[in-house]
Amino acid sequence: MRAVRIHRYGDVDALSVDDVASRRPRVGEVRVEVHAAALNPKDVLVRKGKLRLFTGRRFPQRTGYDVAGVVAAVGPGVKRLRAGDEVYGMLGGWRAGAHAEEVTCAARSLALRPTGVSMEEAAAAPLAAMTALQAMAGLMRLQSGEEILINGASGGVGVFAVQIARLLGARPVAVCSARNEGFVRELGAAEVLPYDVQPLSETDRRFDAFFDVFGSAPFPKAKRHLASRGRYVTTIPRPDTAARDLLSRFGPRPARLVVVAPRPRDLARIAVWMDQGRLRAIVDRVLPLEAIADGHRYLETKRARGKVVLRVR
């Protein structure tokens, strides 16, 4: 089968599409015929070696975490899924491999996919939507009626954050460029603060919650925009944010780092919302597997509206 691998850390030339052997599922695993797989900023960081503390130095390494496809084989002990099921999900931890014609992974990483959307839309959802859901419903405990500022509202996680904030009953205020104002309003943003018209630093407004998706508003800058019981969550795994996350678990003003984990119950909840038409996956562009380098280049521009997806079958 064909699979994307990196043979060293570096630029997009480190990526290649190789012929590799598929693996039989072990206990608790399933093998999935991949129909679509999404790209995430995490893939770029891994390729560049920014996360080598977690990914190590052994090569070649497989790439990709978001997947949608059909279960081809089931390993011992798997009861929830069976061959022929259409599934979607996120490979957990640092065991990548979704950018391939087949992937063998833990069954707990997957759930039945939403049937009312395409495979590409299903593949675009897991990592980004669960990041938003686990940050806001979990770490923030966002409540109905609260006002949340979402910094980076037009990107992969941001488009889900705006919609899920609405589904949780909150009032999302979006930070994005002026060109994306209409786009994020269509997603459900109650208000937009275009950073290229008026920088966030020029406003004194305070919010019940602050979700820094883009990474340009670390806690020292964001805390002036938090109400007295305001909560802050970031997606950026820097050493300072990890340390602050640990300390904030015991402090009066939480500043947390969301580390997304695959949870079947979250995937099921997201699938229901998507089937009901209440949550949309925004696919910026669809590329063939062989165009993986083009996908990485586009992600690095930070201009994508929503997700970049690879069509495999």
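# A walk through the model

Start on the outside. Select Leu 53, Phe 54 and Trp 94, and you'll find a nonpolar surface patch of about 360 Å² made by these residues. Keep in mind throughout that you are looking at a predicted model.

Stay with Leu 53 for a moment. It sits in helix α2, which runs over residues 52-55. Is Leu 53 buried or exposed? Its relative accessible area is 75%, and anything over 50% counts as exposed, so Leu 53 is exposed.

**Next stop: Gln 61**

Now click on Gln 61, in strand β4 (residues 61-62). Its relative accessible area is 9%; the cut-off for buried is under 20%, so Gln 61 is buried. Show the side chains and look for what Gln 61 holds on to. Its side chain and that of Tyr 9 are joined by a polar contact of 3.1 Å. The side chain of Gln 61 also reaches the backbone oxygen of Arg 58, at 3.1 Å.

Who else is around? Setting aside neighbours within four places in sequence, Gln 61 is in contact with residues including Val 4, Arg 5, Ile 6, Val 46, Thr 55 and Gly 56.

**Into helix α4**

Select residues 126-139 to see helix α4. Eleven of its 14 residues are buried, so the rest of the structure largely encloses α4. If you want to colour some of them, the buried ones include Pro 126, Leu 127, Met 130, Leu 133 and Met 136. After α4 comes Arg 141, and its phi is positive, near 50°.

**Lys 307 and its neighbours**

Move to Lys 307, in strand β16. With a relative accessible area of 3%, Lys 307 is buried. What does its side chain find there? A polar atom of the Lys 307 side chain lies 3.1 Å from the backbone oxygen of Ala 124.

Try a distance check between C-alpha atoms: Lys 307 and Asp 284 are 5.4 Å apart in space, although 23 residues separate them in sequence. Leaving out neighbours within four places in sequence, the contacts of Lys 307 include Ala 38, Leu 39, Asn 40, Asp 66, Gly 156 and Ile 282. Ala 128 is also among the contacts of Lys 307, and you have already passed it, since Ala 128 is one of the buried residues of α4.

**A tour of salt bridges**

How many salt bridges does the structure hold? There are 21. Here are some to pick out.

Start with Arg 311 and Glu 120, whose closest N and O atoms are 2.9 Å apart. This pair links distant parts of the chain: Arg 311 is in strand β16 (residues 307-311) and Glu 120 in helix α3 (residues 119-123), 191 residues apart. Compare the two ends: Arg 311 is partly exposed, at 44% relative accessible area, whereas Glu 120 is buried, at 13%.

Now select Glu 146 and Arg 231. They form a salt bridge with the closest N and O atoms 2.7 Å apart. Glu 146 is in the loop between α4 and β9 (147-151), while Arg 231 is in strand β13, so the pair ties together parts that are 85 residues apart in sequence. Both partners are tucked away: Glu 146 is buried, with a relative accessible area of 15%, and Arg 231 is buried, with 11%.

For another setting, pick Asp 204 and Arg 224, whose side chains meet in a salt bridge at 2.8 Å, N to O. Asp 204 lies in the loop between β11 (191-194) and β12 (207-212), and Arg 224 in the loop between α7 (219-222) and β13, so this pair ties together parts that are 20 residues apart in sequence. Here Asp 204 is exposed, at 62%, and Arg 224 is partly exposed, at 35%.

To round off this stretch, select Glu 147, Arg 171, Glu 191 and Arg 205 together: they are linked in a network of salt bridges.

**Last stop: helix α8**

Finish at helix α8, residues 239-248, where the buried residues are Thr 241, Asp 245 and Ser 248. They cover an arc of only 75° around the axis, which puts them on the same side of α8. What covers these buried residues? The cover includes β13 (226-234) and β14 (255-257). You'll recognise β13 as the strand that holds Arg 231.

Now turn the helix around. The face of α8 turned away from its buried side carries the exposed residues Pro 239, Leu 246 and Leu 247.

Conventions. Residues numbered from 1 in each chain as written. Predicted model: local features only at pLDDT ≥ 70, side-chain atom pairs only at ≥ 80, totals over all residues. Heavy atoms only, no water. Helix = DSSP H or I, 4+ residues; strand = E, 2+ residues; numbered from the N terminus. Buried < 20%, exposed > 50% of the residue type's maximum accessible area, 1.4 Å probe, protein only. Polar contact = N/O pair within 3.5 Å; in protein donor to acceptor, adjacent residues only side chain to side chain. Contact = heavy atoms within 4.5 Å. Patch = residues over 30% accessible without salt bridge, like charges linked within 9 Å, V, L, I, M, F, W, Y side chains within 5 Å. Areas by Shrake-Rupley, 256 points an atom, 1.4 Å probe, with all protein chains shown as cover. Salt bridge = Lys/Arg side-chain N within 4 Å of Asp/Glu carboxyl O. Arc of directions from axis to C-beta.
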